[in-house]
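I opened the notebook to record what I looked up in this structure, entry by entry. The entries follow the order in which I turned to each topic.

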Amino acid sequence: MSQEKRKVKKDAWAAPKESPKFLWMSGNKVEWEKATVHASTLGWSAISMVFEGIRGYWNPEAEQLRIFQLDAHLERLMRSMKVMRMSSPWSVQELAADIVDLVRSNEFKEDVYIQPTAYFGETTPGYLAAKEQPGEIAVFNRAAASVLGAGNVISLGVSSWTRISDNVMPPRVKAITNYQNSRYVADESTRHGYDFGIILNQQGKVSEISYACIYIIRDGVAITPPVTAGILESITRDIVKGLLENELGIPVLERDVDRTELYIADEVFICGTGAEIQAAGSIDGYTVGDGGVGPIVSDLEQLFHDIVRGRNERFVDMSTEVY
Ligand code: PMP
């Protein structure tokens, strides 16, 4: 893979130098610099903290910013909060309206990332059993360029770390603490020269990527590990399933995936809000297909790109207009 391609990906996800004007904290829009919490809550509040990662896409021709799958992400946030026994003082509809207002106030005219974070505030220490206490919610919003259309081809490596499991740290819950598992994987894969690591679950089957889900394509059939394989119930994975089946005529199977199936697949791609859709050119040094973006992933990525930018009229309902 050329250095140029790697550069596109890494730069796109780098933290921006400038902070946005506002964030949203427990019902109020607050100036970035004034949104503080007490140092004594550091760490402990994160134990039971759950969050979402949402993307907004700027369409330069239409001068429109649209948030992709806002309600679906907020509904997943509510499910994560439920497992933490954290009730929400705000409904999905209230949060969605306030998030649109926040992004509008930050006046972004570029692709953005939005991160609602729910946690127990100072009155309910995050390490205690909570008994259905209400949580606090803070929403951060920053610029985050998309890699769609950049022709990225990534390298993957199977990690020596095992995925956390439902009866240990449930991956279905989007808990901040789960990301220590992802971080070990990302650290190892980076040191070994891969862009991302693939995590096997306790049964030795493929679960997901440190920050995304995975699909393989074999003989014209798309295959992805089931929601019981130790994955986050990914919104992009679901959208992609529908697009493959209904728009591209590619059957999709949700079933266990063996490690060696990765090596012999015709195409492999990762998908997620942050990762978007990116083709894998190699896995553990085995070339996938011809090492570039395969035909199915190419069609899928183009379709997905048009949809998220609001360029495909048939799918405008999948996103919420900011302006
Ligand atoms: N798995 C993990 C571990 C993730 O962090 C993400 C990104 N949120 C995904 C999968 C993809 O989920 P989604 O498509 O909902 O962003």
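What follows are my notes on the ligand site, the cysteines, a few single residues and some pairs of positions, all read from a predicted model.

**Entry 1: the ligand**

I began with the ligand and asked which residues of its surroundings are the closest. I found 15 residues around the ligand, and the closest are Tyr 179, Glu 208, Ser 234, Thr 236 and Thr 273. When I sorted this shell by residue character, I noted six nonpolar, five polar and four charged residues.

I then looked up individual polar atom pairs. For Tyr 179, I noted a side-chain N or O atom 2.6 Å from an oxygen atom of the ligand. For Ile 235, the partner on the protein side is a polar backbone atom, which lies 2.8 Å from an oxygen atom of the ligand. For Lys 174, I recorded a polar side-chain atom at 2.9 Å from a nitrogen atom of the ligand. As for exposure, the ligand taken alone exposes 390 Å², and the protein buries 96% of that.

**Entry 2: Arg 237**

I went on to Arg 237, which I located in helix 6, a helix that runs over residues 235-247. Is Arg 237 buried or exposed? I wrote down buried, because its relative accessible area is 2%, which is under the 20% cut-off.

I next asked where a polar partner of the Arg 237 side chain lies. I found the backbone oxygen of Pro 225 at 3.0 Å from a polar atom of that side chain. Pro 225 is also among the residues that Arg 237 touches, and, with residues up to four places away in sequence not counted, I listed Cys 213, Tyr 215, Thr 224, Pro 226, Val 227, Ile 231, Glu 254 and Cys 271 beside it.

**Entry 3: the cysteines**

Two of the residues that Arg 237 touches are Cys 213 and Cys 271, and I wanted to know how many disulfides the model holds. The count comes to zero disulfides. Cys 213 is in no disulfide, and the nearest cysteine sulfur, that of Cys 271, is 5.5 Å away. Why does Cys 271 not bond to Cys 213? The two sulfurs are too far apart for a bond, because they lie 5.5 Å from each other, whereas a disulfide needs the sulfur atoms within 2.5 Å.

I also checked the accessibility of both residues. Cys 213 counts as buried because its relative accessibility is 3%, and Cys 271 counts as buried at 0%.

**Entry 4: Asn 59 and two positive phi values**

I turned to Asn 59, which I found in strand 4 and noted as buried, with a relative accessible area of 4%. A polar atom of the Asn 59 side chain lies 3.0 Å from the backbone nitrogen of Glu 61. Setting aside residues up to four places away in sequence, I recorded that Asn 59 touches Gln 64, Arg 309, Gly 310 and Arg 311.

In the loop between strand 4 (54-59) and strand 5 (64-68) I looked up Glu 63, which has a positive phi of about 50° although it is not a glycine. I noted this because most residues other than glycine have a negative phi. I made a like note for Glu 276, where phi is positive at about 55° although the residue is not a glycine. Glu 276 is in strand 17, residues 276-283, and I entered it as buried at a relative accessible area of 0%.

**Entry 5: pairs of positions**

I last compared separation in sequence with separation in space, C-alpha to C-alpha. Tyr 194 and Leu 156 are 38 residues apart in sequence and 5.4 Å apart in space. Tyr 194 lies in the loop between helix 5 and strand 11 (196-200) and counts as partly exposed at 22% relative accessibility. Leaving aside its neighbours within four places in sequence, I found Tyr 194 in contact with Ser 155, Leu 156, Gly 157, Ser 189, Asp 284 and Gly 285.

Val 92, in helix 4 (residues 92-105), is 72 residues from Ile 164 in sequence and 28 Å from it in space. I noted Val 92 as buried at 11% relative accessibility. Arg 183, in helix 5 (residues 179-191), is exposed, with a relative accessible area of 51%, and I placed it 57 residues from Gly 126 in sequence and 22 Å from it in space.

Note on methods. Residues numbered from 1 in each chain as written. Predicted model: local features only at pLDDT ≥ 70, side-chain atom pairs only at ≥ 80, totals over all residues. Heavy atoms only, no water. Helix = DSSP H or I, 4+ residues; strand = E, 2+ residues; numbered from the N terminus. Buried < 20%, exposed > 50% of the residue type's maximum accessible area, 1.4 Å probe, protein only. Polar contact = N/O pair within 3.5 Å; in protein donor to acceptor, adjacent residues only side chain to side chain. Contact = heavy atoms within 4.5 Å. Near = heavy atom within 4 Å. Areas by Shrake-Rupley, 256 points an atom, 1.4 Å probe, with all protein chains shown as cover. Nonpolar A, V, L, I, M, F, W, Y, C, P; charged D, E, K, R; others polar.
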